[in-house]
Structures are given as structure tokens and as C-alpha cells.
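Here is a walk through one protein chain, from its overall make-up down to single residues. Keep the model open as you read.

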Amino acid sequence: MKSERALVVAEAAITLLAERGMRGLTHRAVDEEAGLPPGSTSNLARTRSALLELALERLAEIEGAVFEPLLGATERAATGVEPVAPGPGPGTAGHAPPGGHIAPGPVPDRGPEPESGHEESLGPVIPGALAEMTAQALWAQLTVDRRRTVARYELALEATRRPELRRIYDAAGARFRTLAVAVLTAAGSTDPVRHGRQMVAYGEGVIFDAIAGAGAEPTLDDLRLGVGEVLAGMLGSAPAGAESVRP
């Protein structure tokens, strides 16, 4: 996000998309929602397409922060070195930007640090951590970040009719699919590209079914079990994360 004003406008646009739908998103409505002087949004995003792009780019930033722990687990598995955490700022975990988003809490303990030269010991640890972090990320999309998830669905449908929005949406989606392939490679998948597509499809299906479909909203423990079972089928192991489910 280029500026604090752009952040405020994007967050207001996301709120309107979630609460009023695409028809409720106007430059004037964004000014009112954000508490800005009339014309402020038009000065920043002159067209409707520009306003939609601003909102979608903000959503991609936020979702990237939510899934940051998965990227950290992947880098740790690949190198044996804990990645440097991003500094504080809009969209980073633990930071609450306008709109009240709070990313998931600390990543669960992934076990003791490997001794030097024994990076292969990370292999058995990663699937359980992957299941927990994926469940936590899905839970965030259904609870603390529900407003943004609904807005993303509005933008997804609009992107089917706007090529300029489709490009941004596809680029953001490719980033998460690449991440899914990377984490499943680190977890020991024998076919990480196919398994990555399946994991993304599972997560998207769970979220859509709970928010826009006819399904009931899963509990965090439901998500832990479901993700663990999916990973077990992919990796040929005991359900990852099942041991963390509380009675």
C-alpha cells in the first residue's frame, strides 16, 4: 500500500464491499465510511476500476501476512535457518490496521531446533506444524478476518467481468499456490504441484461453504482434523495435527 491515505481508503472500500456488496461501493460512500472530506477517494482512485484494484491489492497484502508463518516454516525446512520476521507495519502479523484485523497469534512450537548438519530431522516436524498453521489461517479467514473474506468473494466475481481486475486477482492467487507447492515440498510430498492445488482447493472450499454456502461454520478443532486428514492422505502419514485437538 503506497500511503496511509491509500490504506484508509482501501479498508473503507473493503468494508463497503462486505456490508453492501458491489453496488454499495461508490467514491462518495468510501469518503463517508473513511471519515474523509468529499472528493478524497476520487483524488486517490479516479475510476471505479482503480478503487477496486486498490481494495484487491490491500486484501492480497493482508492474506499474505496471515500466511506468513507457512512461508517461515518452508524456509526453515529448506535451509535449517529461522527466517527473519518482518518488521511492524500495516498488514504484518500482530498489527491491527484500520478495520480491526488482527492476524493469528504466535505460531505453535514446531519442536526443538535441529543440530547443525541434521536438517533432515525437520521432515517429521513440518507436517504437524503445517496442519496447525493452515488450520489457524483458515480460522482467521472465518472469524477475525471474515469481513475481508466476504469482500474477496465480491471482488472474485467482479474479476470475471473485468480483465484488469482479473490480472491482479490471478497474480495474488498464483502467489498462494506457489506457497502451497513450497510448503508441501518441505513436508515431503511426492507430487507437490498436484497436492498444492488440492490443498488450496480444500481451503477455499471450506471457507466458501461456511461463509457463502449452506454448510455450518467449522470449529478450530474441526479445521485441525480436516487439514490433518487431507495432509495424511497426501503425505501417507498419520493425520497431521490430530494430536493437537483438544477433547
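## Overall make-up

A word on terms to begin with: a helix here is a DSSP run of H or I, at least four residues in length, and helices are numbered from the N terminus. Please bear in mind that this is a predicted model.

The chain has 10 helices and zero strands, and read from the N terminus its elements go α-α-α-α-α-α-α-α-α-α. It holds 247 residues, of which 46% are buried. If you take the contacts between residues at least 6 apart in sequence, 70% of them join residues at least 24 apart.

## A6 in the opening helix

A6 sits in helix α1, which covers residues 4-20. Its relative accessibility is 4%, and because buried means under 20%, A6 counts as buried. A6 also offers a pairing across the sequence: R58 is 52 residues away along the chain, yet the two C-alpha atoms are 9.2 Å apart in space.

## Helix α8 on its own

Helix α8 runs over residues 163-186. Does its length fit its residue count, and what span should we expect at 1.5 Å a residue? The 24 residues of α8 should span 34 Å, and the end C-alpha atoms are 34 Å apart, so the two agree.

Several residues of α8 are buried: L165, Y169, A172, G173, F176, L179, A180, V183 and L184. For reading such a list, it helps to recall that an α-helix has 3.6 residues a turn, so residues three or four places apart point the same way. After α8 comes G188, with a positive phi near 100°.

## How α8 meets α9

Helix α9 takes in residues 192-211, and it packs with α8 at an angle of about 120°, the axes lying 8 Å apart. The two helices are therefore oblique to each other, and the crossing of α8 past α9 is right-handed.

Which residues form this contact? From α8 come F176, R177, A180, V181, L184 and T185, and these meet P192, V193, H195, G196, M199 and V200 of α9. Sorted by class, the contact of α8 with α9 has eight nonpolar residues, three polar and one charged. F176, A180 and L184 have already appeared among the buried residues of α8.

## How α7 meets α9

Helix α9 also packs with helix α7 (residues 146-159), here at an angle of about 100° and with axes 11 Å apart. That makes α7 and α9 roughly perpendicular to each other. On the α7 side the contact is made by R146, T149, V150, R152 and Y153, and on the α9 side by E204, I207, F208, A210 and I211. The classes in the contact of α7 with α9 are six nonpolar, one polar and three charged.

## Q141 and its contacts

Q141 belongs to helix α6, residues 125-142. Is Q141 buried or exposed? With a relative accessibility of 2%, Q141 counts as buried.

Setting aside neighbours within four places in sequence, Q141 is in contact with E63, F67, R146, T149, I207 and I211. Among these partners, R146 and T149 belong to α7 and I207 and I211 to α9, and they take part in the contact of those two helices.

## The last helix

Helix α10 spans residues 220-235, and its 16 residues should cover 22 Å at 1.5 Å a residue; the end C-alpha atoms are 22 Å apart, which agrees. Its buried residues are L220, L223, R224, G226, V227, G228, L231, A232, M234 and L235. G236 follows α10, and its phi is positive, near 65°.

Conventions:
Residues are numbered from 1 along each chain as its sequence is written. This is a predicted model: local features need pLDDT of at least 70, side-chain atom pairs count only at pLDDT 80 or more; totals for chains, interfaces and linings use all residues. Side-chain values use heavy atoms; hydrogens and water are left out. Buried means under 20% relative accessible area, exposed over 50%, partly exposed in between (1.4 Å probe, protein chains only). The expected span of a helix is 1.5 Å times one less than its number of residues. Axes are lines fitted to C-alpha atoms, for helices over the stretch in contact, and angles run from 0 to 180 degrees between N-to-C directions. Angles under 35 degrees count as roughly parallel, over 145 as roughly antiparallel, 65 to 115 as roughly perpendicular and the rest as oblique. A crossing is left-handed if the near helix is turned anticlockwise from the far one by less than a right angle, and right-handed if clockwise. Contact means heavy atoms within 4.5 Å. Ala, Val, Leu, Ile, Met, Phe, Trp, Tyr, Cys and Pro count as nonpolar, Asp, Glu, Lys and Arg as charged, and the others, Gly among them, as polar.
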